[in-house]
Amino acid sequence: MPLFRIPIEGTRAVTILIAFDAGARTERPAENGMAHFLEHLVFKGGEKFPTYRDVNQAAESIGAVLNAYTSHDLVAFHITARAERALEATDLLTDFVGRPRIDGKELDRERGVVVQEIARANDQPAVLAEHLIDQAAFGDHPLGRPVLGTVEHIRDTFTREGVVAFRTRRWAPARGGAFIVGNLSGLNGEVEDLFKRFPAPPIPEPFEPAPPLEPRVLVQERESAQSHLRMSYRPNVQTSDPRRRAALAIYSTLLGGSMASRLFDEIREQRGLAYSVNSAAHAYADVPVLQLSAGLESSKAVDAYKRMREIVTELREQGPTEAEVERSRAFAGGARTIAFENTGAVARYAAQQRIVYGEEVDPELAITLLDEVTFDEVVEVAATIEDQLSVACVGPNTAEDFASA
């Protein structure tokens, strides 16, 4: 498995993160939810630490914090510890991630836990809106399916054999990486041997390319005084170009990524249409997304939608001001710098950079790229965001409310 060491001066902590190009977008239709379910199951124990109790007690015994995440892009496992316990932390992490038992009885017990996690997500309108906008933006493509999967899959169809087969097919070290970030003083040559615990199956098949934009409006009608609105655009930005991704990040910041942004200033402060409003840009391996979000009184949802859409159009046709770009560039670069004080944040960035984009891991370059974005580059990004979008809403609204707006 490729191993990347990223030293950070002035910290006493170290994060070890292991990730694979095996997120939800690599699942077959009948496997939806399996990447996340497998994330849960590997914590149940490996060869040296054979039970979940052994894993948890071992982590606490060295004062370490374990966690994991599954996205459409990746599945990742990480542990953060004080530098002098780094070798022990790596031993623990590589054992249960590299040599998981995937016990059948534990699998059946964990079904109920994940079903409850899905139920909790469905009970939270803001989370449900996130699932709904993915479906609106990508349809039945894997990017449009929920990372958590369905209750039916978790409860009725997933088997140990199927989970093991998915892991064997997708968890290829050549399509993953190990990242050690922070204070590296507690490591020696033994650490490299620990990463040999991962088998080397054949290179997995490529994931299904993202589909072209097909605008949709999806509404989950609920009796509530509040609505959760999502709007998804498809910028014409090459995700393989880090400079263009940085320019998109600055554009998103001035649109709705700060309290001085256009959306926050006008939708929240001037018009009082929403109590929360923002924008966020994300680049999958092959497609960028610009998402606008608002939580607001249901009677104001359509007015907010209209004005948010108009603001995107104004930026496309008239462009931002130089002052907006300068302020947003400073804010985005500062936020990234502050975030990178955390070893875990750098590790997550490194996994995304290397595995999703296939680029060199250089946290300093990530900050420099934001600092170097020019006014003209942001204008160019704004000009690519056409008035074509998908919309999702959870609340007492209808699809016709937005389709006719």
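This dialogue goes through a sheet, two helices and a helix pair in a predicted model.

Student: In what order do the strands of the open sheet run?

Tutor: The sheet has five strands in the order E6-E10-E7-E9-E8, and the pairing is mixed.

Student: Which are the edge strands?

Tutor: An edge strand pairs on one side only, and here that applies to strand E6 (217-221) and strand E8 (276-283). From one strand to the next, the twist averages 10°.

Student: Which helix packs on the sheet?

Tutor: Helix H5 (residues 125-138) does, with contacts to E6, E7, E9 and strand E10 (389-395). The direction of H5 makes about 150° with that of E10.

Student: In what sense do E7 and E9 pair?

Tutor: Strand E7 (residues 226-233) and strand E9 (residues 288-297) are antiparallel, with eight bridges. To locate the register, take His228, which stands opposite Gly295 in E9.

Student: Turning to helix H1, how many of its residues are buried?

Tutor: Buried here means under 20% relative accessible area. In H1 (residues 34-42), nine of the nine residues meet that description, so the helix is largely enclosed by the rest of the structure. The set includes charged and aromatic names such as Glu39 and Phe37, along with His36 and His40.

Student: What do the buried residues of H1 pack against?

Tutor: Their partners are two strands, E3 (65-70) and E4 (75-82), and the helices H3 (86-98), H4 (104-123), H6 (151-157) and H7 (160-170).

Student: Which residues of helix H10 are buried?

Tutor: A general point helps with spacing: an α-helix has 3.6 residues a turn, so residues three or four places apart point the same way. In H10 (residues 262-270) the buried residues are Leu263, Phe264, Glu266 and Ile267. They pack against helix H9 (242-256), E8, E9 and helix H11 (301-318). Just after H10, Gly272 has a positive phi of about 60°.

Student: How is a pair of packed helices described?

Tutor: By the angle between their axes and the distance between the axes. For H9 and helix H15 (residues 375-384), the axes come within 9 Å and cross at roughly 80°. Angles of 65 to 115 degrees count as roughly perpendicular, and H9 and H15 are therefore roughly perpendicular to each other.

Student: Which residues make the contact between H9 and H15?

Tutor: On H9 they are Arg243, Arg244, Ala247, Leu248, Ile250, Tyr251 and Leu254. H15 contributes Glu377, Val378, Glu380, Val381, Ala382 and Thr384. Sorted by class, the contact of H9 with H15 has eight nonpolar, one polar and four charged residues.

Definitions and conventions:
Residues numbered from 1 in each chain as written. Predicted model: local features only at pLDDT ≥ 70, side-chain atom pairs only at ≥ 80, totals over all residues. Heavy atoms only, no water. Pairing = 2+ DSSP bridges. Helix = DSSP H or I, 4+ residues; strand = E, 2+ residues; numbered from the N terminus. Axes fitted to C-alpha atoms, helices over the stretch in contact; angles between N-to-C directions. Contact = heavy atoms within 4.5 Å. Buried < 20%, exposed > 50% of the residue type's maximum accessible area, 1.4 Å probe, protein only. Parallel < 35°, antiparallel > 145°, perpendicular 65-115°, else oblique. Nonpolar A, V, L, I, M, F, W, Y, C, P; charged D, E, K, R; others polar.
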